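Me: I want to see how each label here is earned. I will ask, and please set each value against its definition.

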Amino acid sequence: MVDYLVVGLGLAGISFCEVLEENDRTYRVVNNNSQISSSVAAGLYNPVVLKRFTLAWKAKEQLNLVAPFYEKLEVKLNTKLHDKLKVFRRFASPEEQNNWYQAMDTVQLGDLLSPVLQKNSNPSIDAPHGFGEVLNTGRVATAKMVDLYSSYLLEEEKLLQETFDFKHFRIKEDGIEYKSIRAKHLVFAEGFGLKQNPYFNYLPLVGTKGELLVIKAPELKLNHVIKSSVFLIPEGNDRYRVGATYKWKDKTNTPTEEARKELIEKLRSFLRCDFEVEEHLAGIRPTVTDRRPLLGQHPEYKRLFVYNGLGSRGVMIAPYTCRQLFDLIEEGKSVHPDIDIRRFDMKYA
């Protein structure tokens with residue numbers, strides 16, 4: 001018998017596996033690669049909601065954990081994953097400049113927004129009103145992380161590459177059984193796949209489809225992120241990510257022509273150089289109706305737990321929430337009420 005069986009290996013699954021290893025717990029993982037939001041994601045993190053100039057949920061607590069968490073993963077996987085990367089918010093008008101200064105004067109955002117406005121000196125960018133720089137930002141190579149972590153688990157003989165089959169799943173008094181695996185606890189971290197989970201599909205995981213483009217623009221010569229109507233993120237070798245869209249009805253991982261046109265139109269509203277689209281990617285973000293993660297224990301089956309709903313800010317949220325789930329299971333400590341699944345369970349109302 002192992003201590004844990006984890007279903008899913010995106011940001012949620014990987015972060016929870018890391019906590020298990022830190023605490024010398026034995027585990028196995030089942031993953032079928034059907035949910036690709038962590039691989040498609042740009043991996044950008046920043047503590048500020050740039051549309052409204054507000055602080056993201058628990059952003060400052062999360063920022064303290066980001067660098068140590070991913071730098072430890074870099075050592076384990078023997079690769080570079082985490083980079084500090086500046087994020088510049090493009091101002092569309094003098095009014096947006098004023099809103100920036102007003103936000104900067106608040107207690108929450110005063111140390112996260114630079115008081116020095118950046119003038120535009122790039123002829124390939126149209127930004128007559130300049131930029132505001134967000135502090136404490138960066139990027140994690142999530143696709144690379146998922147691939148290398150999968151390889152690591154395969155080498156350790158901890159990963160089953162298959163779809164979790166509930167017909168071969170049994171709940172026992174002292175744990176759970178899945179095929180030949182016996183475990184004390186089961187954590188479901190399968191992203192939007194949770195909608196097909198008979199134990200946790202009552203939770204309001206709605207999912208939003210996000211599409212992005214990878215372009216090549218040799219004239220652009222940009223070494224920081226620009227947030228305008230879309231994000232423009234440098235990847236090196238004159239390649240940039242452009243995204244992303246938010247669609248609520250389409251629940252497929254198939255790129256659409258509609259989204260491609262939308263992204264190109266928004267990009268051309270401020271980009272003044274030629275570019276070529278090299279890739280078009282899509283995935284379903286595991287988002288929740290109240291925009292908070294889903295952590296907790298099943299109301300009836302006490303060996304079953306869920307870790308999901310990290311959404312578009314998963315890179316920041318994962319290191320902060322994974323430890324809360326572990327402490328809940330091992331020590332009975334409460335997770336933050338904003339993310340506890342009991343907020344959706346009438347048995348706890």
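Me: What is Thr287 in contact with, leaving aside its neighbours within four places in sequence?

Reply: Thr287 is in contact with Pro204, Leu205, Val206, Gly207, Thr208 and Gly311. Contact here means heavy atoms within 4.5 Å. This is a predicted model, where local features need pLDDT of at least 70 and side-chain atom pairs pLDDT 80 or more, while totals for chains, interfaces and linings use all residues. Residues are numbered from 1 along each chain as its sequence is written, and side-chain values use heavy atoms, with hydrogens and water left out.

Me: Where is Thr287 found, and why is it called buried?

Reply: Thr287 sits in the loop between β18 (276–285) and β19 (294–297). Strands are DSSP runs of E, at least two residues; helices are runs of H or I, at least four; both are numbered from the N terminus. Buried means under 20% relative accessible area, exposed over 50%, partly exposed in between (1.4 Å probe, protein chains only). Thr287 has 15%, so it counts as buried.

Me: How do you know how many disulfides there are?

Reply: A disulfide is a pair of cysteine sulfur atoms within 2.5 Å. By this rule the count is zero. Cys17 is in none: the nearest cysteine sulfur, that of Cys322, is 10 Å away. At 10 Å, the pair fails the 2.5 Å test. Cys17 has a relative accessible area of 0%, so it is buried. Cys322, also at 0%, counts as buried.

Me: What makes the contact between Glu74 and His82 polar?

Reply: A polar contact is a pair of N or O atoms within 3.5 Å; within protein, one must be able to donate a hydrogen and the other to accept it, and residues adjacent in sequence count only if both atoms are side-chain atoms. The backbone nitrogen of His82 lies 2.7 Å from a polar atom of the Glu74 side chain. That value is within the cut-off. Glu74 belongs to helix α3 (residues 59–77). At 12% relative accessibility, Glu74 counts as buried.

Me: How does the reach of helix α5 compare with what is expected?

Reply: Helix α5 (residues 142–155) has 14 residues. The expected span is 1.5 Å times one less than the number of residues. From first C-alpha to last, α5 reaches 20 Å, close to the 20 Å expected.

Me: Which residues of α5 are buried, and what puts them on the same side?

Reply: They are Thr142, Met145, Val146, Tyr149, Ser150, Tyr152 and Leu153. These residues cover an arc of only 160° around the axis, which puts them on the same side of α5. The arc is that of the directions from the helix axis to the C-beta atoms.

Me: How do you know that β1 and β13 pair?

Reply: Two strands pair if DSSP finds at least two bridges between them. β1 and strand β13 (residues 181–188) have five, in the parallel sense. Val2 has Ala183 as its bridge partner in β13. β1 is also joined to strand β2 (residues 27–31) by four bridges, running parallel.

Me: Why are β3 and β6 called edge strands?

Reply: Each pairs on one side only. The open sheet has three strands in the order β3-β9-β6, with antiparallel pairing. Two bridges join β3 to strand β9 (residues 138–140), so the pairing threshold of at least two is met.
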